[in-house]
Amino acid sequence: MPFAERALTAVWLGAALLLFAASLWVPDAPTRLFLDNASWTLAFGLSAFWAWRGRAQVPPAQRLLHTGLWVGTVLVLAGQLVWNLQVALDWNPFPAPADLFFLSVGPLWAATVIRATFARLSKDRAYPAALDFGGAVLALLAFTLVIYLPSGQAQPLATATVLLLYPAVYLTAAGVTALAMPTVGVRVTRAHLLVLAGMLGYGLSWMQWNLMLLRGDVLPGMVFNASFSLAALALGWGARRLRFEVSDDADYRRRCDQAMNYVPLVAMGLAGITLVRLFIITPEGRAGVQALILVCCLLVLLLAALRQAIVVGLLNRLRTAEAAVLRNEERLYHVAHFDALTGLPNRRYFEDALERAVAEAGRYTQAPDHCVALLLIDLDHFKSVSETYGHRVGDALLSEVAQRIHLLLEGRGLVSRLANDQFTVMLQRPASRTVLEQLATTLLEGLARPWGLSDVGAQYMGASIGISLFPDDAGDSVELVRHAHSALHATKSAGRGSYRFYIEEFTQAARSRLELRRRLHGALQGGEFTLVYQPQLNHLRQTVGAEALLRWSVDGRQVPPDEFIPLAEESGLIVPMGLWVFETACRQVAQWRAEGWQVPVVSVNVSTIQLREPGFTQALLGIAQRTGVAPACLVLEITESQLLDESLYAMALDLKNAGFVLSIDDFGTGHSSLVKLKRLPVSELKIDKVFVRDIVVDPNDREICATVNALARALGLEVVAEGVETEEQWQLLVKMGCQRFQGWLFAPALAPGELARHWLQPVAGGPLVQIVKNDS
């Protein structure tokens, strides 16, 4: 808190306390009344000042709740000033003009909290929450009303209405605020408790004041009069430090949801207590008020029943939908992970299984039997056979190869089809390299035997094998595959029909990784990073977007992103790097526009670690505002597995509500649930390049791409295909209905100036157009 604010607060608060203390000791009643009003005025003014300061310190996107709290404190202050004027004029009707100000505060606070709450809820959670709020508010209102039935003589209707509204509206605001926190999953802090205590203090103070007023016990200079000031100060100080942010802790939000399940029961219990008090303990009272209380209690029971009916109906629909989705998922899973021709696991299944096996073996690196062996088998001269006798014969030969490998392995290892004529065998905990040599020899001898194919006679076709082991030859699954390819290449270069191990010392590789990690810490400050942009085109080959890609050059050598991005995520450097990428992309968009270019949307990749950072949405909004770029001009690409994480749904919803466009990157490589997919706040799907790569030759990938496009159309989403490298791929994707494309067929990732010159259009009437006109 700044020094000036601390000093002003101390003087202001001290004056209010002195005036209240003086009101307790001054014997003259008019003077005590004046001191009470002065003390209240100062307390209400300080509360409004603190609420205003709290509103000024939050981003504009989060000011809704703070604005409502501040306006409410201003209305309380205005009501007190009007009351002071009435006292000065010795004019004290009831109801009075000041009551209009005081009574408007509770509904304003309640409406503000409800609006801020429901803005953060998905549609399927909004309906039960609305019923919970309605039932709780009605139960609280009925309970408040029943308290006043035995409290004194009959009052005129207007007077009784105002007396009842005072505690009702403030306690309703407090009840709504208490419900809002577990409904959204807000992590409760001292500021939240102070705001809630302030609202409760107002409601209970007015409740007691009215009871005392009915009994004729209200006097100036009472200790009780300080309760209004204390409620105002508690609410104002809480609003000064309040932050209405959703917790990222999934366990905490689950506990909040569990607590909300008890709200209808609590409301029904409160309604039952109210009815008992109404008809048994205090049956006398106004017939109209009794009828109102009865109606409120019955509505509570009705809303609770309706809420349960909606929840049961929703659960039934979800079960039915989930059953259908599971059936579709099984089919999609088989299509996505098994080869349609041979029935073997495909590349995707193999890579997942290999990664899991390597991760398991990596946890026991000291155990000699915990290793993974990979045999990469490539058929010799298969291309010649297929071209000579046609693809039908080639397909039959591949099916026979798959069956023969299965028979030769006798149940050992995982067999998969990696590519057209390449197969893999993965073994966990092989006994020794000698056993692997024997297995490789068995496979080579079995595949070298003649193939009896119908219509073409016996064919002789051998194979070559490359072998690598984890952890002897590789540090991870990707390296293991790469080294198996190297061993296979060496085998083919040496004359085919044999096998070879990959053997290489890892000392230099480990040292290179450590050196890369060390250099990474100073890369951002050293200006070693650059951004390049790959254009995205529509079916007319018009530029409709660009993806910002990070590049790092070390000693004149470009470091591949798949090498330094994991290092950045492990060390936590991905957070400042990600903000730098986002800000650089925003500044580049602003620069392009200043130079007179039409700039489409720009896509930026976002890491899971960034999404878990507190205040991530506000940081991006601040950068966008500083650079003058609207959030709608930026697409945040988030991988499928990240978005399916329930703990990140609230952050994704915040980004969507802030105006950013969300895209699912690498779609299809995770394990999507259609139930989850339809509720994600995304606008586009990005087909991973592994599906596009073999779309021309692999019917499996072709069916997957068509399914993704159909699914996107059904959900109202755009589709972006990346990795488009051939005209045939592009033509197939256009026929499937894909809207946007990027890949080397059109352009690689380019420097900003080169992208502008070759792929961006000048703004009509802009600087570039004017230059062209002047030159002509």
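**Note on cavities and helix packing**

1. Four cavities of 30 Å³ or more are present in the structure. A cavity here is a set of points, on a 1 Å grid over the protein atoms alone, where a 1.4 Å probe fits but cannot get out. Grid points are joined across faces, edges and corners, and a volume is the space filled by probe spheres set on the points. The model is predicted: local features need pLDDT of at least 70 and side-chain atom pairs count only at pLDDT 80 or more, while totals for chains, interfaces and linings use all residues. Residues are numbered from 1 along each chain as its sequence is written, and side-chain values use heavy atoms, with hydrogens and water left out.

2. The volume of the largest cavity is about 100 Å³. Its lining (residues with an atom within 4 Å of a point) consists of Leu65, Leu69, Val113, Thr177, Ala180, Met181, His192, Val195, Leu242 and Phe244. At least two lining residues come from each of α3 (63-88), α6 (157-184) and α7 (190-215); α6 gives the largest share, three residues. Helices are DSSP runs (H or I, at least four residues), numbered from the N terminus.

3. The lining of the largest cavity has eight nonpolar residues, two polar and no charged ones. Ala, Val, Leu, Ile, Met, Phe, Trp, Tyr, Cys and Pro count as nonpolar, Asp, Glu, Lys and Arg as charged, and the others, Gly among them, as polar.

4. Helices α2 (residues 29-56) and α8 (residues 226-241) pack with their axes 7 Å apart, at an angle of about 10°. They are therefore roughly parallel to each other (angles under 35 degrees). Axes are lines fitted to C-alpha atoms, for helices over the stretch in contact, and angles run from 0 to 180 degrees between N-to-C directions. Among the residues making the contact (heavy atoms within 4.5 Å) are Trp40, Phe44 and Trp50 of α2 and Phe228, Leu233 and Trp237 of α8. By class, the contact of α2 with α8 has eleven nonpolar, five polar and two charged residues.

5. Thr9 is in helix α1 (residues 3-25) and, at 10% relative accessibility, counts as buried (under 20% relative accessible area, 1.4 Å probe, protein chains only). Neighbours within four places in sequence aside, Thr9 contacts Leu46, Phe49 and Trp50.

6. Glu387, in helix α13 (residues 382-389), counts as exposed at 59% relative accessibility (over 50%). The C-alpha atoms of Glu387 and Ala373 are 33 Å apart, with these positions 14 residues apart along the chain counted as separation.

7. In helix α23 (residues 649-657), the buried residues are Tyr649, Ala650, Met651, Ala652, Leu653 and Leu655. Gly659, just after α23, has a positive phi of about 110°.

How values were computed. 1 Å grid on protein atoms, 1.4 Å probe; cavity = no way out; pocket = protein on both sides within 12 Å on 5 of 7 lines; lining within 4 Å. Parallel < 35°, antiparallel > 145°, perpendicular 65-115°, else oblique.
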